[in-house]
Each structure stands twice: as C-alpha cells, then as structure tokens.
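Dear colleague,

I am passing on the structure we spoke about, and below it you will find my notes on what came out of the analysis. Please read them with the coordinates open beside you.

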Amino acid sequence: MSSTPDMAFAPNVQEIVRSDPSQIPENFLIIRNEEEGKSNNTADACHLSSEIPIVDLSLLSRGHKEELNKLDQACKEWGFFQVVNHGVATEVLQEMKDSTAKFFELPLEEKNKIRMPSDDFQGYGQAYAASQGQTLDWSDALFLGVYPSHFRKLKFWPTSPEGFKDAIEAYSSGVKRVGDELLRSLSLTLGMEKDALLKLHQEVVQVLRVNYYPTCHMPDKVLGLSPHSDTGTITILMQEDNVTGLQIRKEGEWVPVKPIPNALVVNVGDVIEILSNGKYKSIEHRAVTTENKARISYASFLLPHPDVEIEPFDHIVEALESRRYKKVKYGDYLRNSLKGKLKGKAHIETAKIGS
C-alpha cells in the first residue's frame, strides 16, 4: 500500500501526562467555535443517543427483510449503527482488550521499537503530521495494515506483550468476516447482487488503528480525535464497555455513542457515500477525553484496493436523476487525505461535481 508523504510527528501524549498530568502543551489546546462548543449534555443529545440504531448481524446474514430495512434506514438517517450478534467470540474481544492495555503500559522505549517512520502510516505514534499552527489530538495510536496479508509489514507488529500478535490476528479475522457480511447486506440495500460491493473492491483492504486516549485534567480544552469522516468504505469499531468517548454529529449536536457490551460500532465512510450518490452519507464524528479514565478504541477501516475507481452506481444516478460525485481512483483519494489532518467532511467535497 502506498506510503504517506514525509511528515514530522507530534509528541507522545501518554508521556506528557505521565511526566506532568497538569500540563497541556499549547498546540493541543482547541479553540471552540460556536458549533464546536455546543453542550453534549443537552436533552436533545441524550435523547438522540438512545436512538442510535442497533442491527442484528445474525438476521442480516440470513437475508431477513426487516433487518435489511433497518440497515438501510440506519445508513440513510444516521450513517452510524451498533451491531449485535456479530459472531466474534467474547473471549476474542476481551483478549484484544487485555493485550492492548498491556502494550500501552510498556515503557516508551519498548513501544518505540515499532515507531511509525516519517514516510509510512504503519507503526506506533501519532496519526498525523505536526505542522505549524495545527491543533494536535490528545491521543497516541498503533496502525497496522492487516489484510490482504501481503500488505502487512511485520516489522511494525508488536512482539511484546506475549500473545498480542495472536490477539490482533484473531480479532482482525473476526472483524473481516463481519465486514464481508455487512458489505453483502449493503449490496442488497443498494439494490444490487449480494457480492457486488466485494467484487468492486477487488481485494478488501483492512487497516487497524488502535487509539489510546490518556486522561486530561481539562478535558474540555482538548479533543482525543478531531471531527472528521472516514475516507474508507465502512469502519468497524470496538469500544470499551465502561467509558463513553465517541460522539457523532447529528442535527447540529454532538451525540455520545454509549457502548453496548460486546457490540461493534459501524459507520459509513466516504466510499459508500460516493457509490450511493449521497443516498448514504459518511458521518462526522470525534472522540473526547475524560479527567479520570484513559480509554482505548479499536477501529478497523475497510477500504477498496488502491487501483479501484469509485463512482456512483448507474442505477442510483438514474433513480435520483442527477449525478453528484465524480469518478475518483481510490488510491489517489486516500493519499490526498493523508497529506494533512482531516477536517470535518472537507475531503469528500473534492469528489463532488462542481468542486
């Protein structure tokens, strides 16, 4: 997979907190504009939080019509949903959580053995470049290309703690199966043959990003992850059961996505928005921090092969009587998104006709 442009990486947030919990370097401080500053604890946001759709994968995989309708509505109205009965064993989820927690407890020198180099996206470190005047995210990350296997760079796979590699393998294999099933169901809801999306992808690329969000003594002054939409097809996320940090933008509010034990959170990415000609929209989301509990999240991004050309499906364009997005080569679209920090839904605007 193509590497990123050369970039200078940000300081390690976990170490900042470890050395002085009261310190927040200036380049992490956010300037909240009016919209950004809206309270997340309003009655509206709490009400919306309870309405985030829940989809049963065991029913979807059997072609259950009512569940397919629920998936269709979730993608049209929310772009986000939680998946239950997904078939990934609880022990596999827990082993991934336990091994990851041990990894982030390791000394920095140990973690830096797989440090992300300036010309690649795989490894341990900060996701985006530290450029002048850019507000940095209050998080550290581990990025790994997982599927197809020949995209793996095993020099970046952690050898410590013992068993972590196996845990990543088992978890990612389970997520791959869930992803394939969701892409089959989305093919049906978009009015196509079951395997249409899988065929279009050529090879589904799967990238794992594990985010570590340290505590912050002034959580309203930083963001764990700035608002953005995902540039891939779908993202499958495992949250921790006891800390809420993920928020989605809905009706002008930042709505917390409260964890459901052992559920997986799925969101629509830019690729699905383009393919569906805007029928399904990628959703803007962010992560906030807390004062007293660090949090880890596990995001698996499912992407098309870099050579695949993405454009709205003809039958959807005909039904809507207008074509809203251009044809883009996915590798170029992804590379351009990696040139800087993603800001809201700005990147997908480049794929719209008239941009």
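How many of the residues of strand β7 (residues 234-238) are buried? Before I come to that, please keep in mind that this is a predicted model. The count for β7 is 5 of its 5 residues, so that the strand is mostly covered. Its side chains are divided between two directions, with I234, I236 and M238 pointing one way and T235 and L237 the other, and all of them are buried. That division follows a general pattern, in that the side chains of a regular strand alternate between the two faces of the sheet.

Strand β7 has two pairing partners that I would ask you to look at. With strand β10 (residues 264-268) β7 runs antiparallel, joined by 4 bridges, and within this pairing T235 has N267 of β10 as its bridge partner. With strand β12 (residues 295-303) β7 is also antiparallel, here over 5 bridges, and M238 stands opposite Y298 of β12.

Two residues of β7 lead on to the interior. The largest nonpolar core has 86 residues, and I234 and I236 are among those with the most contacts inside it, together with F81, M96, Y171, L182 and L186. Helix α7 (residues 164-189) gives the most to this core, namely 8 residues. If residues up to four places away in sequence are left out, F81 touches I52, P53, V55, L71, A74, C75, L182, L264, V265 and V266. Another core, of 10 residues, lies apart from the largest one and includes I24, L136, W138 and V222.

M96, named above for its contacts in the core, belongs to helix α5, where L93, K97, S99, T100, F103 and F104 are buried as well as M96 itself. The length of α5 (residues 90-105) can be checked against expectation: at 1.5 Å a residue its 16 residues should span 22 Å, and the end C-alpha atoms are 23 Å apart, which agrees.

Strand β4 (residues 140-147) is another mostly covered element, with 8 of its 8 residues buried. On the one hand, β4 is joined to strand β3 (residues 123-125) by 3 bridges, the two strands running antiparallel, and G125 stands opposite A141 of β4. On the other hand, β4 pairs with strand β5 (residues 205-213) in the antiparallel sense over 7 bridges, and G145 has V207 of β5 as its bridge partner.

There is also an open sheet of 4 strands, in the order β6-β11-β8-β9, and its pairing is antiparallel. Its edges are formed by β6 (225-228) and β9 (253-256), each of which pairs on one side only, and the twist from one strand to the next averages 25°. Within this sheet, strand β8 (residues 246-250) pairs with β9 in the antiparallel sense over 4 bridges, and K250 has E253 of β9 as its bridge partner.

Finally, there are some backbone details that I would set against the general expectation that most residues other than glycine have a negative phi and most peptide bonds are trans. Which peptide bonds are cis in the loop between β4 and α7? One is the bond from Y147 to P148, with omega near -10°, and P148 lies in that loop. Another joins S160 and P161, with omega about 0°, and P161 has its place in the loop between β4 and α7 too.

As for phi, E251 has a positive value of about 55° although it is not a glycine. E251 lies in the loop between β8 and β9, and with a relative accessible area of 63% E251 is exposed, the cut-off for that term being over 50%. E321, likewise not a glycine, has a positive phi of about 60°. The loop that holds E321 runs between α10 (314-320) and β14 (328-329), and E321 is exposed, with a relative accessible area of 73%.

With best wishes

Technical notes
Residues numbered from 1 in each chain as written. Predicted model: local features only at pLDDT ≥ 70, side-chain atom pairs only at ≥ 80, totals over all residues. Heavy atoms only, no water. Buried < 20%, exposed > 50% of the residue type's maximum accessible area, 1.4 Å probe, protein only. Pairing = 2+ DSSP bridges. Core = buried A, V, L, I, M, F, W, Y, C linked by side-chain atoms within 4.5 Å. Contact = heavy atoms within 4.5 Å. Expected span 1.5 Å × (residues − 1). Axes fitted to C-alpha atoms, helices over the stretch in contact; angles between N-to-C directions.
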